[in-house]
Amino acid sequence: MARLHLYAAGITASFTILLIAAAAQDATLLKQAQEIFQPLPKDLASAEFPTTRERVELGRSLFFDPRLTIDGNTSCSSCHQPALYGTDARPRAIGVQQRPHPRNAPTVLNVGALSIIHWRGDRDGLEDQVAKAVTSPITSGQPDEKAVIGRLSRITGYAPLFKAAFADEPQPMTAQNVAKAISAYERTLLTPSPFDAYLAGNQEALAPAARAGLAKFINTGCVTCHNGIGVGGGMYQKFGVVEDYWKVTGSEPIDRGRADVTKDSADLYVFRVASLRNVAMTPPYFHDGSVATLPEAVKVMARVQLGIALGDADVREIVAFLESLTGELPADFATVPNLPPGGVMSSK
C-alpha cells in the first residue's frame, strides 16, 4: 500500500511538473507575441483625421451609394462587401461598366490601422486612396472631380449632411470632403479578434491549436514580414524571395509590382505585405487572387518566401492561428444604410 501511495505521488509530481513547464511555455509565447504584434486600438481618430459622428454618417452613405459613379450601379461596397468581410471574393476586382482591375481588392476592414495602402503602394495614405478612387476610370468612371460634385449636388439629401459634417466651410460639398468623409467612416471599421484579447493577456482567448499555430508562425519566420497591428500591411517585400512566385501560383499575367510605380529595378515583384487580419474570411489570396484557399496560400508563402516545405500538420496549426484573427463585423458595416433621397442619375 505504501508503494502504491509513493507511485501515485510520483505521477502527481510528474504531472505537476508538466503543467508548470506548459504554463512557462505559454507565458513565453505570450511575451514573444506581445513584442511582435500590437492589438487594434479602440479608436483611429486623430486631430488630422477626426471621426466625428457627422463625418462618419456622411461617409457611410457615400461608401454604399452607387450614384456617385458614371453608370450609377457601382459603389465602394461593390468591391468591399460586408458579407465577404470587405472584399468581393474575385481574383481581381471588377469596376464600373465591367472594367477589370489588374489586382485583387483587399479588405477595407482595419485599413485605417495600416501604414501602406494598395498592393504597389501608389497612394499616400487612406485619404489619398479614396480621393483617387473617386475619379478612377475603373472604380468611378467619372472624368473629373467636377463631374462627381455635379452628380452629388443633384441628390438633394446630401447637402445637409455635408453642411453638418463640414460646418466651418463655406462650400462643404467638395471632392476633398468626399474623401475625408469616406475615410472617416473607414477608420471606424475595426474588427478586434480573439488574438487581440490574447495580446491583452488572456491566454485562454486562443485555443491550444491556435497557440501552437502562433508558435509555428513565429518560429517559421512568417513574422519577419507579418507583424505589428495589422499582422502585416506595414512594409514592402519581394514576392518570391526564394523562388519565382508565378511558377508556384500559376499567375497570369506576371505582375511587375512596385517597379512600375517607382521605375526602380530593385522593386521588381515587390508588393505591400498583406495584412492577415480576417484573412480566413477573404479568399482568394495574393495580389492577383491566384490561390483559392488559405492552407494553400500558407504553403505557397513558406515555399517562395522562406524555402520551407510545410507539412499538413504544420499548415493546420498555422491556419488555426490565422483563424483567431477573425473579428466581428462592425454593426454599421454589417447593415446597409438608407441612402439620402434624390433623383435617379443617368449614366451620362
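This note goes through the predicted model point by point, from overall layout to single residues.

1. Basis. The model is predicted, so local features are given only at pLDDT of at least 70 and side-chain atom pairs only at pLDDT 80 or more, whereas totals for chains, interfaces and linings use all residues. Residues are numbered from 1 along each chain as its sequence is written, and side-chain values use heavy atoms, with hydrogens and water left out.

2. Overall layout. The protein has 14 helices and two strands; these are DSSP runs numbered from the N terminus, helices being H or I of at least four residues and strands E of at least two. The C-alpha trace spans about 90 × 45 × 30 Å along its principal axes. Of the contacts between residues at least 6 apart in sequence, 72% join residues at least 24 apart (contact means heavy atoms within 4.5 Å).

3. Surface and charge. Of the 348 residues, 46% are buried (buried is under 20% relative accessible area, exposed over 50%, partly exposed in between, with a 1.4 Å probe and protein chains only). About 16,900 Å² is exposed, and carbon and sulfur atoms supply 57% of that area (Shrake-Rupley method, 1.4 Å probe; for residues, only the protein chains shown count as cover). There are 33 positive and 35 negative charges, and their mean positions lie 3 Å apart. Lys and Arg count as positive, Asp and Glu as negative, and His and the chain ends are not counted; each charge is placed at NZ of Lys, CZ of Arg, CG of Asp or CD of Glu.

4. A buried salt bridge. The structure holds 16 salt bridges (a side-chain nitrogen of Lys or Arg within 4 Å of a carboxyl oxygen of Asp or Glu). One of them joins D255 and R103, at 2.8 Å from N to O. The two residues are 152 apart in sequence: D255 is in the loop between helix 10 (245-249) and helix 11 (259-262), and R103 is in the loop between helix 3 (76-79) and helix 4 (126-134). Both D255 and R103 are buried.

5. Other salt bridges. K247 pairs with D244, with the closest N and O atoms 3.3 Å apart. K247 is exposed at 60% relative accessible area, while D244 is partly exposed at 27%. R53, E54 and E57 form one network through salt bridges that share partners. R123 and D122 also form a salt bridge, at 3.5 Å between the closest N and O atoms; D122 is partly exposed, with 23% relative accessibility.

6. Aromatic pairs. The count is 17 aromatic pairs. Rings of Phe, Tyr and Trp (its six-membered ring) pair if their centres lie within 6.5 Å; planes under 30 degrees apart are stacked, over 60 edge-to-face, and the rest tilted. F217 and F321 make a tilted pair, 5.1 Å centre to centre with 50° between the planes. F217 is in helix 9 (residues 208-220) and F321 in helix 13 (residues 312-323), 104 residues apart. Both F217 and F321 are buried. For Y245 and F271, the centres are 6.4 Å apart and the planes at 85°, so the pair is edge-to-face. Y245 lies in helix 10 and F271 in strand 2 (residues 270-272), so this pair ties together parts 26 residues apart in sequence. Y245 and F271 are both buried, and both belong to an aromatic cluster with F239, W246, Y269 and F286.

7. Two buried serines. S61 is in helix 2 (residues 53-64) and has a relative accessible area of 6%. Beyond its neighbours within four places in sequence, S61 contacts Y158, P337, N338, L339 and P340. Its C-alpha is 8.7 Å from that of V336, although S61 and V336 are 275 residues apart in sequence. S193 is in the loop between helix 7 (175-186) and helix 8 (194-199), with 7% relative accessibility. With the same neighbours set aside, S193 contacts R277, S324, L325, T326 and G327.

8. Backbone points to check. The peptide bond joining E252 and P253 is cis, with omega about -5°; P253 is in the loop between helix 10 and helix 11. The bond from P283 to P284 is also cis, with omega near -5°, and P284 lies in the loop between strand 2 and helix 12 (294-306). Q98, in the loop between helix 3 and helix 4, has a positive phi near 60° and is exposed at 62%. V231, in the loop between helix 9 and strand 1 (236-238), has a positive phi near 50° and is buried at 0%.
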